[in-house]
Amino acid sequence: MNIAFKKVAVIGAGAMGRGIAQIAAQAGSQVDLYDTQSEASFKALEAVHKVWDSLLAKGRIDEKTLATYKSNLKTATSLQDLKDCELIVEAIVERLDIKKSLFAELENLVPETTVLATNTSSLSVTAIAAGLKRPAQFAGYHFFNPVPLMKVVEVIAGLQTNPDVCIRLTEFAKQMGHTAVQANDTPGFIVNHAGRGYGTEALRIVSENVADFATIDRILKDQVGFKLGPFELFDLTALDVSHPVMESIYNQYYQEPRYRPSVITAQRLAGGVIGKKVGEGFYKYIDGKAVVSPEPAVPDVKDFPPVWVSPRASRRLELLQLLKDLGANIETGASPSPHALTLVAPLGFDVTTVAVVERLDPARTIGIDMLFDDAATKRRVLATNPATRSDMRDAAHALFAKDGKAVSVVRDSGGFVTQRVVANIVNIASDMCQQGVCTPQDLDIAVTLGLGYPVGPLALGDKLGPTNILEVLFNLQTVYGDPRYRPSPWLRRRGAIGLSLLHTED
Ligand code: NAI
């Protein structure tokens, strides 16, 4: 194989540098690993050797491959040792001044053709390149932790990067077994930018007392298929990492309301309750396992009231079929009888508003989230309004749990939980396309591989119907009067034809 870079250096032998060095050596490059702390490079080399030894033990590589890998990776003792390298990837401390002075020094050592790359996750590639003699030879190469397992890398062009440099880095990524996506130099690049919709909106929902964090985690895992709920994810990443990222992206975008961080994480960070690594975050951890309080039991209901469904309910036919399957006594009149449980299924609007607008008795009115097809989810979510009678709430809870599916009852807020979070994810992704951060295709690939979402945000929008997402956003904007729910122009235009389709515009 014609390897894109035969001689590679990785500077910084921490969590990221050692991973990058490992996959570059596996691809067949001669790799030098350098760190100002020489013991850090030795430790990293030892750790990578251990990984390779275990691959041999598992039969995933043979003795000859192991020997080749090991001979491809060396430690370097000074920057001078790196002077013949064709590619130098930096993974040192996240400080603009230190990174800039390192690259200025390297530029004086290496040939003009050497490609210099930074693994920065939050600094501007253009800002790091500013002042370099050859900014055209400089790019971002943003990997994810742990590098060998997270098989995606963002190739980031700064303002002056030569496109050929990005092409070579992309080719090299493939040779290392990774998928490269192209990002423009914007705050958070692709993955950290697209990830803003999930946690921030979930924090918003908690801060409004709509549901507690464990309920929100359950809902988003069961209804959308996320592997981890937003609060489980916060605990895993730890707030000393994720809260500053939220603040940084918000401020780099000059207080764009869509990325507004939350006082909840600011306070928890100040209090040191930052996540699993300290034994307590949103959840408490005993022996590394989260303590999760049990869900409220399904109420014991003997006599179910008849059920009337609003003619304006979303997925009304599916809802009626579901009620039939659950054995409900369905009313067919133009308005509910005096005893009927009254069901509404709004998109974006709160149950209270719907009850008022449709002139329904709020004491008997309950909302159900029908954004997703019921058959495609593992949980149903109901919302009460402040006037809902407890017998009506219990009847609805017990009725929708009759077939054994999990049910959560949340407070009225507009958009339940899933609608708010999903609409935000799709809207932020759409706005990234509007800004030209990347192509729609690269966005979905990067988010699926980098964040482990079940589908990319744009494909998710297509699956649920872009017009439904738009309706959620328009109505949330009305309910909250908050510009964070303002739909991106891209979503409004592309909604009509499909978000994830390859289009001549892309
Ligand atoms: P780390 O703290 O594990 O390792 C950094 C290493 O760089 C240390 O061994 C340190 O001794 C060395 N170092 C510091 N200044 C140096 C210098 N001037 N010259 C040579 N070596 C120097 O850090 P980590 O997590 O590996 O992060 C490195 C870079 O990768 C940062 O820019 C970070 O933002 C970025 N990044 C980190 C991710 C993560 O999840 N940890 C994910 C993606 C990017």
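In this predicted model, a polar side-chain atom of Glu94 sits 2.5 Å from an oxygen atom of the ligand, a polar contact in the sense used here (a pair of N or O atoms within 3.5 Å; within protein, one must be able to donate a hydrogen and the other to accept it, and residues adjacent in sequence count only if both atoms are side-chain atoms). The backbone joins in as well: an N or O atom of Met16 is 2.9 Å from a ligand oxygen, and one of Ala15 is 3.1 Å from a ligand oxygen. On its own the ligand has 840 Å² of accessible area, and the protein covers 72% of that (Shrake-Rupley method, 1.4 Å probe).

Local features need pLDDT of at least 70 and side-chain atom pairs 80 or more, while totals for chains, interfaces and linings use all residues. Numbering runs from 1 along each chain as its sequence is written, and side-chain values use heavy atoms, with hydrogens and water left out.

As for the domains, an automatic or database assignment splits the chain into domain 1 (7-185), domain 2 (193-291) and domain 3 (307-412). Domain 2 and domain 3 bury about 910 Å² between them, 55% of it on carbon and sulfur atoms; buried area is the accessible area (1.4 Å probe) that two parts lose on being put together, summed over both. On the domain 2 side, Val210, Asp222 and Gln223 lose the most area to domain 3, together 62% of what that side buries. Asp222 also pairs with Arg379 in a salt bridge at 2.8 Å, N to O (a side-chain nitrogen of Lys or Arg within 4 Å of a carboxyl oxygen of Asp or Glu). The count between these two domains is 1 salt bridge.
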